[in-house]
Amino acid sequence: MHPSEPPETAGPEAPAAPSWTQRVEHRLRALPPVVWPVGLGVLGLAGATLLHFVDPNEPGNYPTCPWLLLTGTFCPGCGSMRAIALTTHGDFLGAISMNPLLVLLLPYIAVTYTLWLVRTVRPPTKPPKLTPGWFLWLLLIVINAHWILRNLPWFSFLAPGTPLFPGW
């Protein structure tokens, strides 16, 4: 037999090596569940720290909102970076004037995150109740209403940077 010819024996073939995506998926499944909420919390604190020290009001520090750049209207999240920066400085009225919806949703976000963290550290004995469908629809309606209303002249107080209470 010549060295360049394949062998003629039909023995058992070696299993194919797992692909890159299979290896990544296996490693992600091997992580303890608490890694995900803790990792998100660390990223959130790092982002808030960055916003605390690098002012989003100064031009050039952060990119412009793509929606605002393309359409000239405010998205539901416009003003969120400035609101978080103002919250880290303790200016809650200023944060409300930047994005009132974000500030109103902060307690819900905090409770939901805390429940997620607790359930990964101490898994419940029975499956947790799902969020009711009516609540998800209500949240979707509120976000879309905020998006539309903040771009109308009669509700300009919802636009980023407009004080909700002009005398304050």
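Which residues make up the largest nonpolar core? Keep that in mind while you load the chain; we will select them shortly.

**Before you start**

This is a predicted model, in which local features need pLDDT of at least 70 and side-chain atom pairs count only at pLDDT 80 or more, while totals for chains, interfaces and linings use all residues. Residues are numbered from 1 along each chain as its sequence is written, and side-chain values use heavy atoms, with hydrogens and water left out.

**The whole chain**

Show the cartoon. You will find 7 helices and 0 strands, in the pattern α-α-α-α-α-α-α along the sequence. Helices (H or I, at least four residues) and strands (E, at least two) are DSSP runs, numbered from the N terminus. Of the 168 residues, 17% are buried; buried means under 20% relative accessible area, exposed over 50%, and partly exposed in between (1.4 Å probe, protein chains only). Switch on the surface: about 13000 Å² is exposed, and carbon and sulfur atoms supply 72% of it. Such areas come from the Shrake-Rupley method with a 1.4 Å probe, and for residues only the protein chains shown count as cover.

**Stop 1: the core**

Select Ala 83, Leu 86, Ala 95, Met 98, Leu 102 and Val 103, the 6 residues of the largest nonpolar core. A nonpolar core is a set of buried Ala, Val, Leu, Ile, Met, Phe, Trp, Tyr and Cys residues joined through side-chain atoms within 4.5 Å. H4, helix H5 (92–98) and helix H6 (100–121) each give two or more residues to this core. Now centre on Ala 83: leaving out residues up to four places away in sequence, Ala 83 touches Ala 95, Met 98, Asn 99 and Leu 102. Contact here means heavy atoms within 4.5 Å.

**Stop 2: helix H4**

Colour H4 and pick out its buried residues, Ser 80, Ala 83, Ala 85 and Leu 86. Their cover includes H2, H5 and H6. After the helix comes Gly 90, with a positive phi near 85°.

**Stop 3: helix H2 and its partners**

Add helix H2 (residues 35–53) to the view with H4 (residues 80–88): the two pack at an angle of about 80°, with their axes 8 Å apart. Axes are lines fitted to C-alpha atoms, for helices over the stretch in contact, and angles run from 0 to 180 degrees between N-to-C directions. H2 and H4 are therefore roughly perpendicular, a label for angles of 65 to 115 degrees. Show the side chains of Ala 48, Leu 51 and His 52 from H2, and of Met 81, Ile 84, Ala 85 and Thr 88 from H4, which make the contact.

Next, bring in H6, which packs against H2 at about 140°, with axes 8 Å apart. Here Trp 36, Pro 37, Val 38, Leu 40 and Gly 41 of H2 meet Tyr 113, Trp 116, Leu 117 and Thr 120 of H6.

**Stop 4: Thr 73 and His 146**

Is Thr 73, in the loop between helix H3 (66–71) and H4, buried or partly exposed? With a relative accessible area of 28%, Thr 73 is partly exposed. Draw a distance from its C-alpha to that of Asn 151: the two are 78 residues apart along the chain but separated by 6.3 Å. Beyond its neighbours within four places, Thr 73 contacts Trp 67, Leu 68 and Asn 151.

Finally, select His 146 in helix H7 (residues 133–149). His 146 counts as buried because its relative accessibility is 8%. Its contacts, again outside four places in sequence, are Pro 76, Asn 99, Pro 100, Leu 101 and Leu 158.

Technical notes. Parallel < 35°, antiparallel > 145°, perpendicular 65-115°, else oblique.
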